[in-house]
Structures are given as structure tokens and as C-alpha cells.
Amino acid sequence: MDDRTVLVLNGPNLNLLGEREPEVYGHDTLADVERLCTEAAARYGLTVDFRQSNHEGTLVDWVQEGRSGTAGIVLNAGGYTHTSVALRDAVSAARVPCVEVHISDIHAREEFRRFSYLSDVCDHHVIGHGVAGYAEAVDWLAGQRRQA
Ligand code: CA2
């Protein structure tokens with residue numbers, strides 16, 4: 001990875017996207033989301049490193065990997081959003097901008113989804129815009145580079 005790479009990280013169960021709960025998460029698969037991110041990044045001459053894991057420690061390792069020397073991190077931490085101090089600590093150690101993304105509007109769902117351990121350590125948030133929110137996150141990171 002280098003400073004033209006956007007690291008896009010997806011947490012638990014996001015590999016199931018498009019298979020269940022289309023009324024909440026839509027019909028796109030994670031492969032579709034990767035394509036969306038890659039296309040958005042290409043408009044700015046950026047590349048995407050797109051990953052998914054169901055494991056908290058793996059996500060922590062990946063945030064640490066991308067914490068410097070990249071164009072930034074887009075993070076949909078899935079269920080770990082609402083539980084993980086470890087992921088929060090990893091994000092707070094990042095020296096590159098981090099964007100929290102959620103496909104659904106976590107503030108309009110069950111009470112337990114309303115709190116995010118990541119919200120105040122991320123620099124920007126795209127919540128409830130469907131999978132298009134990932135492309136918006138990439139756009140925002142590209143904008144940050146122009147301002148730097
Ligand atoms: O809205 C989001 O993007 C979430 O981060 C998705 C997580 C959920 O735990 C968060 O509260 C909000 C869950 C992703 C699970 O995705 C599934 C996709 C299809 C079928 C079942 C789960």
C-alpha cells in the first residue's frame with residue numbers, strides 16, 4: 001500500500017451482503033461494493049485495497065497496517081461498531097483520515113445499534129446512504145488529499 005491507496009475494511013457478516021435482509025442492506029453484493037469503490041477511486045487516480053473479515057483482531061491488524069502512508073481508511077466495522085474498544089483504539093492511533101460507513105441508518109434501527117465506539121475517533125461519517133455511501137467515503141478522502 002502507498003499514499004494513493006484507499007484501504008476499505010469490512011467487518012463481520014458483510015460477506016453475506018446481497019444474500020439476506022435486502023430490505024435493510026439492498027441487493028448489491030460485497031463484490032459490487034468493491035467495484036463501486038474501485039471506480040470511485042479511479043476517478044482520482046487512486047487505488048483500493050478492499051478487505052473483509054469476521055475477526056476483530058484481523059480488523060485491528062489491518063487498521064494498523066493502513067494507519068500511515070495510505071490515502072485513508074474507509075471502515076464499515078459491522079457489528080464491532082457497537083462493541084469494540086480494540087478497534088476504536090486502533091482507529092484513534094491512525095495518522096491518516098478514517099471514514100466510518102454504514103449501509104443502513106444505525107440511528108433509526110434497534111437501540112443497541114445507535115451507539116458507535118468509532119464515531120468520535122473517525123474523521124467523517126457516511127451513514128444510511130446504502131452501498132453508495134462507500135463511494136461517498138472515497139470521494140471525501142480524495143477531497144482531503146486535494147486540501148493537504
Ligand atoms: O449498516 C451497516 O452497514 C452495518 O454496519 C451492518 C452490520 C450491522 O451489524 C451494523 O449495525 C450496521 C451488519 C452487517 C451484516 O450484513 C448482513 C448482510 C446480509 C445478511 C445478513 C447480514
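**Figure 1. Strand E1 sits inside the fold of this predicted model.** Let us start in the middle of things, with strand E1. Six of the six residues of E1 are buried, so the strand is largely enclosed by the rest of the structure. Which way do the side chains of E1 point? Thr5, Leu7 and Leu9 point one way, while Val6, Val8 and Asn10 point the other way. Whichever of these two sets you look at, the residues are buried.

**Figure 2. E1 has a partner strand in E2 and another in E3.** E1 and E2 pair in the parallel sense, and six bridges hold this pairing. Look for Leu9 of E1: its bridge partner in E2 is Arg51. E1 also runs parallel to E3, with five bridges joining the two strands. Here the residue to find is Asn10, whose bridge partner in E3 is Asn76.

**Figure 3. Five strands make up an open sheet.** If you trace the sheet from one side to the other, the order is E2-E1-E3-E4-E5, with parallel pairing. Which strands stand at the edges? They are E2 and strand E5 (124–127), and each has a single partner strand, so one side of each is left without a neighbour in the sheet. From one strand to the next, the twist averages 15 degrees. Strands of a sheet pair through backbone hydrogen bonds, in either a parallel or an antiparallel way. For E4 and E5, which run parallel, four bridges make the join. His102 can be found standing opposite Ile127 in E5.

**Figure 4. Helices H3 and H5 meet the strands of the sheet.** Helix H3 (residues 56–66) packs on the sheet, where it touches E1, E2 and strand E3 (72–76). The direction of H3 makes about 170 degrees with that of E1. Helix H5 lies across E1, E3, E4 and E5. Compared with E3, H5 runs at about 160 degrees.

**Figure 5. The largest nonpolar core brings together 25 residues.** In soluble globular proteins, nonpolar side chains tend to be buried together. In this core, Val6, Val8, Val33, Cys37, Val74 and Tyr134 are the residues with the most contacts inside it. Which elements supply at least two residues each? They are strand E1 (5–10), helix H2 (30–42), strand E2 (47–52), strand E4 (98–102) and helix H5 (132–147). H5 gives the most to this core, with six residues. Apart from this core lies another one, of 19 residues, among them Leu75, Ala77, Ala90 and Val96.

**Figure 6. A closer look at Cys37, a residue of the largest nonpolar core.** What does Cys37 touch, once its neighbours within four places in sequence are left aside? Its contacts are Val8, Val48, Phe50, Tyr134 and Val138. Val8 and Tyr134 also appear, like Cys37, among the residues with the most contacts inside the core.

**Figure 7. The ligand is surrounded by 16 residues.** The closest of them are Asn76, His82, His102, Ile103 and Ser104. Three pairs of atoms are worth finding here. An oxygen atom of the ligand is 2.7 Å from an N or O atom in the side chain of His82. For the side chain of His102, the distance from an N or O atom to a ligand oxygen is 2.9 Å. With Gly79, it is a polar backbone atom that lies 3.3 Å from an oxygen atom of the ligand.

**Figure 8. Arg113 has its place in the loop between E4 and E5.** Is Arg113 buried or exposed? Its relative accessibility is 18%, and because buried means under 20%, Arg113 counts as buried. A polar contact of 2.7 Å joins its side chain to that of Glu110. Leaving aside neighbours within four places in sequence, Arg113 is in contact with Tyr25, His82 and Ile106. You may recognise His82, one of the closest residues to the ligand.

**Figure 9. Asn13 and Glu21 lie in the loop between E1 and H1.** Asn13 is not a glycine, yet it has a positive phi of about 75 degrees. With a relative accessible area of 53%, Asn13 is exposed. Glu21 is not a glycine either, and its phi is positive too, at about 50 degrees. At 31% relative accessibility, Glu21 counts as partly exposed.

Conventions: Residues numbered from 1 in each chain as written. Predicted model: local features only at pLDDT ≥ 70, side-chain atom pairs only at ≥ 80, totals over all residues. Heavy atoms only, no water. Core = buried A, V, L, I, M, F, W, Y, C linked by side-chain atoms within 4.5 Å. Buried < 20%, exposed > 50% of the residue type's maximum accessible area, 1.4 Å probe, protein only. Contact = heavy atoms within 4.5 Å. Pairing = 2+ DSSP bridges. Axes fitted to C-alpha atoms, helices over the stretch in contact; angles between N-to-C directions. Near = heavy atom within 4 Å. Polar contact = N/O pair within 3.5 Å; in protein donor to acceptor, adjacent residues only side chain to side chain.
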